[in-house]
Amino acid sequence: QVQLVESGGGSVQAGGSLRLSCVASAYASRDVRSYCMGWFRQAPGKEREAVAAIYSAATSTYYTDSVKGRFTISQDNAKNTLYLQMNSLKPEDTAMYYCAAVNGFCPNYWYMRSRWAYWGQGTQVTVSS
């Protein structure tokens, strides 16, 4: 099992940047590097959607099309921390951002919410025009 705690959200103008962090605590001797880690987001009235994922043991990263070239997912294994660097932010990026984790390799259909086992409480990102 793993616990996830996000931070780093806030309000920013369009074109600005934010970096989200997610500290992962793994139990039962499981190394967080053995998990696929990801970010999802949910805007009011909309479904939760995948943003990015990473399996650091294989240096594999995945992005949804709308954030490619603007967002970068990374992981500091020494700190058990997942990051999402968000640049060139747009008003449509406004949402609650959630950290997620699942055991092992990033799953096929990683963008499906049902494929993920563990979730954080979320951190709000608001982008104004």
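How many bridges join E4 to E9, and in which sense do they run? Eight bridges join the two strands, and E4 and E9 run antiparallel. One place to look is Phe40, whose bridge partner in E9 is Tyr98. Please keep in mind as you explore that this is a predicted model.

**Around strand E9**

E9 spans residues 95–103, and seven of its nine residues are buried, so the strand is mostly covered. Besides E4, E9 has other antiparallel partners. With E11 it pairs over three bridges, and here Tyr97 has Thr123 as its bridge partner. With strand E10 (residues 118–119), E9 pairs over two bridges, and Ala100 stands opposite Trp119 there.

**Around strand E8**

Strand E8 (residues 81–86) makes a good second stop. Five of its six residues are buried, so E8 is largely enclosed by the rest of the structure. Strand E3 (residues 18–26) pairs with E8 in the antiparallel sense over six bridges. Strand E7 (residues 71–76) also pairs with E8 in the antiparallel sense, over six bridges. Gln85 is a handy landmark in E8: it is the bridge partner of Arg19, and Thr72 stands opposite it as well. E7 and E8 form a hairpin with four residues between the strands, and in this hairpin Asn80 takes a positive phi near 50 degrees.

**The nonpolar cores**

The largest nonpolar core has 29 residues, and those touching the most other members are Leu4, Met37, Trp39, Leu84, Met86 and Tyr97. Many strands contribute: E1 (2–7), E3, E4 (35–42), E5 (49–55), E7, E8, E9 and E11 (123–128) each supply at least two residues of this core. Met37 is worth selecting in your viewer. Leaving aside residues up to four places away in sequence, Met37 touches a set that includes Leu4, Ala24, Ile54, Ile73, Leu82, Cys99 and Trp116. There is also a second, separate core of 10 residues, with Cys36, Phe40, Ala50 and Ala53 among them.

**Salt bridges**

Side chains of opposite charge can pair when their charged atoms come close. A search of the whole structure finds four salt bridges, including those in this table.

| Acidic residue | Basic residue | N to O distance |
|---|---|---|
| Glu49 | Arg41 | 2.6 Å |
| Asp65 | Lys68 | 3.1 Å |
| Asp93 | Arg70 | 2.8 Å |

How buried or exposed are the residues in these pairs? Glu49 is partly exposed, with a relative accessible area of 36%, whereas its partner Arg41 is buried at 5%. Asp65 is exposed, with a relative accessible area of 62%. In the pair of Asp93 and Arg70, both residues are buried.

Why does the pair of Asp93 and Arg70 tie together parts that are 23 residues apart in sequence? Asp93 lies in the loop between E8 and E9, while Arg70 lies in the loop between strand E6 (60–63) and E7, so the salt bridge connects these two loops. The picture extends further, as Arg41, Glu49, Arg70 and Asp93 are linked in a network of salt bridges.

Terms used
Residues numbered from 1 in each chain as written. Predicted model: local features only at pLDDT ≥ 70, side-chain atom pairs only at ≥ 80, totals over all residues. Heavy atoms only, no water. Buried < 20%, exposed > 50% of the residue type's maximum accessible area, 1.4 Å probe, protein only. Pairing = 2+ DSSP bridges. Core = buried A, V, L, I, M, F, W, Y, C linked by side-chain atoms within 4.5 Å. Contact = heavy atoms within 4.5 Å. Salt bridge = Lys/Arg side-chain N within 4 Å of Asp/Glu carboxyl O.
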